[in-house]
Amino acid sequence: MSENHAPRRSRFRKRTFVLAAAGAVFLGYAAWLLIQILSYRVYPTGFAAPFQEIEGAYHIHSLHSDGRADVDTIAAAGAATGLDFLVLTDHGSPNHASLAEQGWRDGVLVLAGTEISTSRGHLVGLGFDPAPERFAQNAEESLREINRRGGMGIISHPYHKARWSWGPMEGYAGMDILNGNSLLKSGWARILLYLPALPIDGRFFLLKLTRPFPRELDKWDELNARHRIYGFYTVDAHLFYRAMFSFLRLHVILDRPLSRDFQEARRQVLEAIQAGKFYSAVDAAAQARGFRFWGEKEGRRIPMGREPLYEPPCSLRVKARFDFDVETRLIRDGRVIHSTRQKEFLFEAPGPGVYRSEVYLRSRTPLDRRVPWIISNPIFFRKVSP
Ligand SMILES: [Zn+2]
Ligand SMILES: [Zn+2]
């Protein structure tokens, strides 16, 4: 009898040991994750709302295409997270139902463009006059139509989902540098690892899925050698609107405070975006309001998006006067030419070039250290032709 019991007892012991080990690993994992979530906080900006800076979320899908909420619910999420404006981009060619929803809702300026499925990939048309005709399926024809109607064309998620097949770039105004929806492609292991955080704090989950995106940044710099393309951090929200609206934002610099008149306010925001007077930020890591980047020439301030001629002396000024630690970089034609922990600097432009700035968080944060917390739009100091 006893000869039979001994192996059974040892099997039982082995099983107990495996279960205990698995339990310990699980508890360790749960504690590790919980500590991270509990120690996560969004660093607040010290700036109220200087220089008519407004904040919005760009690239949003509603029930008018494949989003999961109606526009009132989306606007309520915008109001709850303190957005000044949001930009719907429902699929269509164009999506008239979505365009008809523009207006003030819950104190949030609701604007709409349309995401068009073209021969090269997804292209957002923004700010165009709606007309009954459909946009062409051919990317360049569609772009010409958008531009002819006074709008701008922005390339969506060039390296994810409907990947963009690159062609002539004349007439394009912008591209996604970081796309919130593409984060879900950041690998199953990573998603599973952080998934339990989603119901606790969606912003933390999104931050942990955010990986560096050198391909997008390199392409952007490459294109800007010959074109003028603005970079966008894009939510591409279909659900989890509140978390998404806290996560990635466009910070638009206006000349005057935002009008309460809808048509005037719409014009102000679209004009500023079409001029490139905005920067993008991962606001779920730290509130970026108050960041400034401009060029200086002959005592005049040159805002982001401008394309002045380079005639020395020209300089670049960066202000990132936040209460937490940051590293600010100045980039010329895709290469870092200055990097500092100083929160403000003036740098003499060594020659013509496309100058832009990136800011990285150096205080404790769930955001990957290699991901730019802020990206400015460039100032294009062009060569004087001989
Ligand atoms: Zn798309
Ligand atoms: Zn989309």
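A Reading Dialogue on the Two Zinc Sites and Their Surroundings

Modeller: Let us begin with A112, which is buried, as its relative accessible area is 3%. Please keep in mind throughout that this is a predicted model.

Colleague: How should I read the word "buried", and which residues is A112 in contact with?

Modeller: A residue counts as buried when its relative accessible area is under 20%. A112 is placed in strand β4, residues 108–117. Setting aside neighbours within four places in sequence, A112 is in contact with L88, S98, L99, Q102 and L126. By contrast, P352 is 240 residues away from A112 along the chain, and their C-alpha atoms are separated by 36 Å.

Colleague: I turn now to the metals. Which residues are the protein donors of the zinc ion (ligand 1)?

Modeller: A metal site is read through its donor atoms. For the zinc ion (ligand 1), the protein donors are E115 (OE), H122 (ND1) and H157 (NE2), at 2.1 to 2.2 Å from the ion. H122 belongs to strand β5 (residues 122–126) and H157 to the loop between β6 (152–155) and β7 (174–179); the two are 35 residues apart, and the pair links distant parts of the chain. The spacing of the donor residues in sequence is E-x6-H-x34-H.

Colleague: Are H122 and H157 buried or exposed?

Modeller: H122 is buried, because its relative accessible area is 14%. H157 is buried as well, with a value of 2%.

Colleague: Which residues are the protein donors of the zinc ion (ligand 2)?

Modeller: They are H59 (NE2), H61 (NE2), E115 (OE) and D236 (OD), which lie 2.0 to 2.5 Å from the ion. In sequence, these donor residues follow the spacing H-x1-H-x53-E-x120-D. H59 counts as buried because its relative accessibility is 0%, and H61 is buried with a relative accessible area of 0%.

Colleague: Why is the site of the zinc ion (ligand 2) irregular?

Modeller: Four donors would count as tetrahedral if all angles lay between 85 and 135 degrees. Here the angles among the four donor atoms span 78 to 170°, so the tetrahedral range is not met. The site is irregular.

Colleague: How far apart are the two zinc ions, and which residue coordinates both?

Modeller: The zinc ion (ligand 1) and the zinc ion (ligand 2) are 3.4 Å apart, and E115 bridges them.

Colleague: How should the backbone of the zinc donors be read?

Modeller: Most residues other than glycine have a negative phi, and most peptide bonds are trans. H59, in strand β1 (residues 53–60), has a positive phi of about 80° although it is not a glycine. H157 likewise has a positive phi, of about 25°, and is not a glycine.

Colleague: Where are cis peptide bonds found?

Modeller: One joins S93 to P94, with omega near -5°; P94 lies in the loop between β2 (85–91) and α3 (96–99). Another joins P312 and P313, where omega is about 0°. P313 is in the loop between β12 and β13 (314–319).

Colleague: Finally, in what order do the strands of the open sheet of four strands stand?

Modeller: Strands of a sheet pair through backbone hydrogen bonds, either parallel or antiparallel. In this open sheet the order is β12-β11-β13-β16, and the pairing is antiparallel. The edges are β12 (300–302) and β16 (344–348); each has a single partner strand, so one side of each lacks a neighbour in the sheet. Neighbouring strands are turned against each other by 25° on average, direction ignored. Three bridges join β11 (residues 292–297) to β12, and E296 stands opposite R301 in β12.

Technical notes: Residues are numbered from 1 along each chain as its sequence is written. Chains are lettered from A and ligands numbered from 1 in the order in which they are written. This is a predicted model: local features need pLDDT of at least 70, side-chain atom pairs count only at pLDDT 80 or more; totals for chains, interfaces and linings use all residues. Side-chain values use heavy atoms; hydrogens and water are left out. Donors are N, O and S atoms within 2.8 Å of the metal (3.2 Å for Na, K and Ca); water is not among the atoms, so sites may look incomplete. Four donors count as tetrahedral if all angles lie between 85 and 135 degrees; four count as square planar and six as octahedral if opposite donors are over 155 degrees apart and all others between 65 and 115; anything else is irregular. Buried means under 20% relative accessible area, exposed over 50%, partly exposed in between (1.4 Å probe, protein chains only). Contact means heavy atoms within 4.5 Å. Two strands pair if DSSP finds at least two bridges between them. Axes are lines fitted to C-alpha atoms, for helices over the stretch in contact, and angles run from 0 to 180 degrees between N-to-C directions.
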